[in-house]
Each structure stands twice: as C-alpha cells, then as structure tokens.
Amino acid sequence: SLIDEEKELYLLNLTDITSIKNEHILIEKKAYHDGLTNLYNRHKFNELFEKELARVKRYNHPLSMAVLDIDNFKVFNDTYGHLKGDEILIKIANSLGSQLRNTDIYARWGGEEFVILFIETKLENAILCSNNVRKNIENLKNDLDTKVTVSIGVSDYKEGDNLDSLFQRCDKALYRAKEKGRNKVEFN
C-alpha cells in the first residue's frame with residue numbers, strides 16, 4: 001500500500017505460505033497415491049489415462065496397457081498373514097518402478113491388481129515388457145518358502161476405445177493367463 005507518494009513510501013505485508021504449500025502437497029499425495037505402495041491410485045491413473053488418450057487420438061501414437069494380478073494372493077494372505085501380503089505388494093510396486101520407463105504410467109488398481117500404461121508402445125513391445133516384469137517378480141527375494149508370481153493381461157488401443165473397453169480386453173487376457181496355469185502373460 002502507498003503510504004506517502006512524495007517520499008515513495010510503501011507498506012508491504014509478506015506472508016510465509018510454506019506450511020500452506022506443504023499441506024497442499026500432502027493432501028494431493030493422499031488423493032492420488034495408494035497409502036501402502038505409494039504408487040498412483042486408480043483415481044490418478046484414470047486422470048492420466050484420459051490425458052494420454054487425447055494425445056493418442058490427436059497424434060495417432062500407439063498405446064498399450066497391462067493388468068497384473070498376483071497369483072493366489074488370498075491363499076498367500078491366509079497362509080502368511082496380511083502383513084506379509086502387504087510386504088509383497090510393496091516389493092512388487094518397487095520392482096515396477098525399476099523396470100518401467102519414466103514415461104510409462106503404473107498404479108495400484110486395487111487389492112492385488114496393478115495396471116500399467118505403456119506410452120507410445122505397440123502391443124508386441126508391451127507383451128515383451130510385461131514378460132520381463134513377470135519374470136522379475138517371480139525372482140523377487142522374500143523371506144518366505146514360496147515364490148510370488150503374477151498373471152498379466154495385455155492389450156493395445158483400438159480406435160474408439162476408452163478406459164473401460166481397453167481394461168476389459170486386458171482383463172479377459174488376464175483370466176486366460178490364470179486359466180492356462182498362472183504366471184503367464186496373455187494378450188487380447
């Protein structure tokens with residue numbers, strides 16, 4: 001505020017908004033990240049998918065998606081307990097981050113399911129990457145007397161797709177992988 005025009009004196013009021021900004025970051029983290037694995041949650045994945053879908057439609061880039069489900073996870077939890085189950089979920093989440101590109105989007109979909117969006121990736125390459133993810137998870141070290149495996153369903157964007165239609169094709173492929181004995185990647 002101008003106090004004295006002749007002397008060019010002004011009154012300035014400064015406010016430290018650090019705590020407000022930190023609170024905003026915390027709220028956003030809670031809204032967009034899974035509390036256990038720290039991966040994006042389903043809500044954030046949906047939001048990012050819509051942005052990517054707009055790019056795909058505009059520039060005609062390829063796009064593929066995978067749905068990953070931990071094999072026999074209910075039996076695992078019943079045998080080893082939910083805390084061990086949580087440890088496995090965290091290990092898998094961490095392994096995804098080390099295997100995927102920075103441009104790929106991945107999230108915990110819910111329960112023992114994860115979803116991966118392979119940006120600018122054709123189906124064949126998404127299948128290869130998904131197999132690498134599957135093998136890496138199978139080889140994860142844990143302090144139990146069992147291996148943890150996943151089944152993965154993969155599909156690619158087809159004209160007119162939305163998240164639901166693409167997810168449904170991935171889900172069908174995932175169920176085929178489970179029907180064929182688990183610890184497999186199938187595509188649709």
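Helix 2 (residues 42-59) is a good place to start: its 18 residues reach 25 Å from the first C-alpha to the last, close to the 26 Å expected at 1.5 Å a residue. The expected span is 1.5 Å times one less than the number of residues. Helices (H or I, at least four residues) and strands (E, at least two) are DSSP runs, numbered from the N terminus.

A word on the source. This is a predicted model, in which local features need pLDDT of at least 70 and side-chain atom pairs count only at pLDDT 80 or more, while totals for chains, interfaces and linings use all residues. Residues are numbered from 1 along each chain as its sequence is written, and side-chain values use heavy atoms, with hydrogens and water left out.

**Helix 2 and its surroundings**

At the N-terminal end of helix 2, asparagine 41 acts as a cap, with a side-chain oxygen 3.2 Å from the backbone nitrogen of histidine 43. After the helix comes asparagine 60, with a positive phi near 60 degrees. The buried residues of helix 2 are Lys44, Phe45, Leu48, Phe49, Glu52, Leu53 and Val56. Here buried means under 20% relative accessible area, exposed means over 50%, and partly exposed lies in between (1.4 Å probe, protein chains only). The cover over these residues includes helix 1 (18-32), strand 3 (63-70), strand 4 (105-110), strand 5 (113-119) and helix 6.

Glutamate 52, a residue of helix 2, counts as buried because its relative accessibility is 8%. Beyond its neighbours within four places in sequence, glutamate 52 is in contact (heavy atoms within 4.5 Å) with Leu63, Leu117 and Ile119. Glu52 also belongs to a network of salt bridges that links it with Arg55 and Glu120.

**Helix 6**

Helix 6 agrees with its expected span too: 17 residues at 1.5 Å a residue should cover 24 Å, and its end C-alpha atoms are 24 Å apart. At its start, a side-chain oxygen of asparagine 162 comes within 3.0 Å of the backbone nitrogen of aspartate 164. Just after the helix, glycine 181 has a positive phi of about 115 degrees. Buried residues of helix 6 include Leu166, Phe167, Arg169, Cys170 and Lys178. Their cover includes helix 2, strand 3, strand 4, strand 5, strand 6 (150-156) and strand 7 (185-187).

Lysine 178 sits in helix 6 (residues 163-179) and is buried, with a relative accessible area of 15%. Setting aside neighbours within four places in sequence, lysine 178 contacts Asp69, Ile70, Asp71 and Ser151. Its C-alpha atom is 13 Å from that of glutamate 113, 65 residues away along the chain.

**Aspartate 161 and the salt bridges**

Aspartate 161 belongs to the loop between strand 6 and helix 6, and its 7% relative accessibility makes it buried. Its side chain reaches the backbone nitrogen of lysine 158 at 2.8 Å, and a polar contact of 2.5 Å joins it to the side chain of arginine 169. A polar contact is a pair of N or O atoms within 3.5 Å; within protein, one must be able to donate a hydrogen and the other to accept it, and residues adjacent in sequence count only if both atoms are side-chain atoms. Leaving out neighbours within four places in sequence, aspartate 161 is in contact with Leu53, Lys57, Asp156, Leu166 and Arg169.

The structure holds 15 salt bridges, each a side-chain nitrogen of Lys or Arg within 4 Å of a carboxyl oxygen of Asp or Glu. Three of them are listed here.

| Salt bridge | N to O distance |
|---|---|
| Aspartate 34 and arginine 108 | 3.1 Å |
| Arginine 134 and glutamate 138 | 3.7 Å |
| Arginine 169 and aspartate 161 | 2.5 Å |

Aspartate 34 and arginine 108 form a salt bridge. Aspartate 34 lies in the loop between helix 1 and helix 2 and arginine 108 in strand 4, so the pair ties together parts 74 residues apart in sequence. Both aspartate 34 and arginine 108 are buried, and so are both arginine 169 and aspartate 161.

Arginine 134 and glutamate 138 both lie in helix 5 (residues 123-138), 4 residues apart, about one turn of the helix. An α-helix has 3.6 residues a turn, so residues three or four places apart point the same way. Arginine 134 is buried at 11% relative accessible area, whereas glutamate 138 is partly exposed at 21%.
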